[in-house]
Amino acid sequence: MADLNIAKNPPNFAVLPFYATGALAFFVLCLLIFLSPDSLVVHYFNPHLLAIVHTAALGWGTMIIFGAAHQMVPVICEQDLFSPKMAAFSWYTLTAGILLLAWSFWNMRTGWVMISGGSLIVLSAAMYVINVLGTSRIYKRCDIEKLFLVTSGTWFLFTTIAGLLLATNLAFPFFEKNHLDILKLHAHAGLVGWFLQLITGVSSKLVPMFLLGKSSKERFLKYAYLLQNLGLLLFLFDGYFFGITSRIIIYTAIVFIGALFWLLYLYDAYEQRIRKKIEIQMKHTFVSVICLIFGFVAIPFVYFLGGRQWAVLYGMFLLMGWVTGIVLGKTFKTLPFIVWNAHYKNLSGKIKVPMPKQLYNEGLIKWQFMFYILAVFISSAGIIAQNVPLVRIAGGTWLLVAVMYIYNVIKILMHKTIIPQ
Amino acid sequence: MIISAADQHFDQKTKAQAALYQVIDPELFVNVIDLGLIYEIEFKENGAIDVLMTLSTPHCPMGDAITNGVKNALEAEFPGKNVNINLTFNPPWNFAMLTPSGKEQLGV
């Protein structure tokens, strides 16, 4: 039919299970916060908070990212997904790995169960990197978005290997360095290497596409890439060999400027946009970016004030404010279209078909957005004030967000083709 | 797409255009005519219909759905005719290709 290769949709089995599991993990995550609010007002290295953080980073953020990436990487790279079977298999290893890891942390059972969970996560990361490398064919033609995709995947693999070593060290100590210092390196390889760079790369392609706005300032993305990686590498090198010192403020500033270049690129696309109306899904992205900036602002507090609440607040801004905000919005810019394509792609033009936004309850997204902001606000207040009842209220608010989100995700996934009589 | 009154296929092209008003871009909720995605419709001697069209972006994940929609709508309007979709990004789609109605629908 068409003489140019356009849509490169992978089979649904490589995509949809990740969305379903991610939504469930988000509910579990919010339930864990609700059930264990005291874990957010003590030192961050405690069993329940470790389980909560790994459920958030892997079960929620990474799970949805894997599903979305299997769909969007072929679009960005204009190539078929390298291996849909490998993508589908990585769902089994990622899900099993997270279950083992979260259970082990929650009950603080160090040993082979925790190590097996970590190994399965490493295996999932390796399969993801192979799929991204094979799909991007970056060795043939390189552009900045592909570079972000491949580099973030590589950082994810690095993060999971470091995590596996940490899990092993808990059961069979072998580190000569301080376990908590290595933990900080592991966490930031994940936050800056994996989440920040993946979100930078993907959003640089998708946000202009969604807004119908094009930025000509692609050099900003190159600066963003260089600075984000430079800051992270310096942090890891210095932190590993010389320990965590006040020099982290310099590395934070370098990464922050890198993030600012990305945001300037998005702002330019926003200014150039044709589509003036900003959808509620895009508003989620805007609030999530504010949370990211708050996260950067929290770092000097963590280092100089030293109170245990600042480290938890920092993590909350990044995982619940930033990553969660993006995922809550972007789910409804991707999932309805994936499911719609499966049901109506071949019927479009033949009969009157519903639009993708009719596959879910749009009104509920507005409530989800308001409760998400409220949950971030109450969580911040509760953590800063070290007030357990307030953190529990925040947990309850997060649960409401999760219920609204999961309702819409299930509604989309369970959609049956509507053919008018 | 502008149809000349002197065009020997004027009636057929007008019918085709009317059919394509029903094909909606699922992401933008605007039909393909008002979006300016259809560059040319040609009625061939052999009975085939050739459509030269574009997408708002070369990476459009809904590309298949939109081109399928165009093919389906024309096959329904002209039963028995073979519809060929030729996709081009030369010239690439831009803001100026929107019709006044398309601009209004996008809130421009």
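Me: How many salt bridges does the rule find across the interface of chain A and chain B?

Reply: Two salt bridges cross that interface. Before we go on, this is a predicted model, in which local features need pLDDT of at least 70 and side-chain atom pairs count only at pLDDT 80 or more, while totals for chains, interfaces and linings use all residues. Residues are numbered from 1 along each chain as its sequence is written, chains are lettered from A and ligands numbered from 1 in the order in which they are written, and side-chain values use heavy atoms, with hydrogens and water left out.

Me: What makes Asp64(B) and Lys345(A) a salt bridge?

Reply: The term asks for a side-chain nitrogen of Lys or Arg within 4 Å of a carboxyl oxygen of Asp or Glu. For Asp64(B) and Lys345(A), the closest N and O atoms are 3.3 Å apart, so the pair meets the rule.

Me: Why is Asp238(A) called buried?

Reply: Buried means under 20% relative accessible area, exposed over 50%, and partly exposed in between (1.4 Å probe, protein chains only). Asp238(A) has 5% relative accessibility, so it counts as buried. Its salt-bridge partner is Arg247(A), with the closest N and O atoms 2.5 Å apart.

Me: And why is Arg247(A) called partly exposed?

Reply: Because its relative accessible area is 35%, Arg247(A) falls in the class between buried and exposed.

Me: How do you know that Ser36(A) is buried?

Reply: Its relative accessible area is 3%, so Ser36(A) is buried. Ser36(A) touches His48(A) and Trp106(A), leaving aside residues up to four places away in sequence; contact here means heavy atoms within 4.5 Å.

Me: What makes Glu75(B) and Lys71(B) a salt bridge, and where do they lie?

Reply: Their side chains meet at 3.2 Å, N to O, so the salt-bridge rule is satisfied. Both residues lie in helix 3 (residues 63–77) of chain B, four residues apart, about one turn of the helix. Helices (H or I, at least four residues) and strands (E, at least two) are DSSP runs, numbered from the N terminus.

Me: What is the area buried between chain A and chain B?

Reply: It is about 2900 Å², of which carbon and sulfur atoms give 66%. Buried area is the accessible area (1.4 Å probe) that two parts lose on being put together, summed over both. In terms of contacts, 32 residues of chain A meet 35 residues of chain B.
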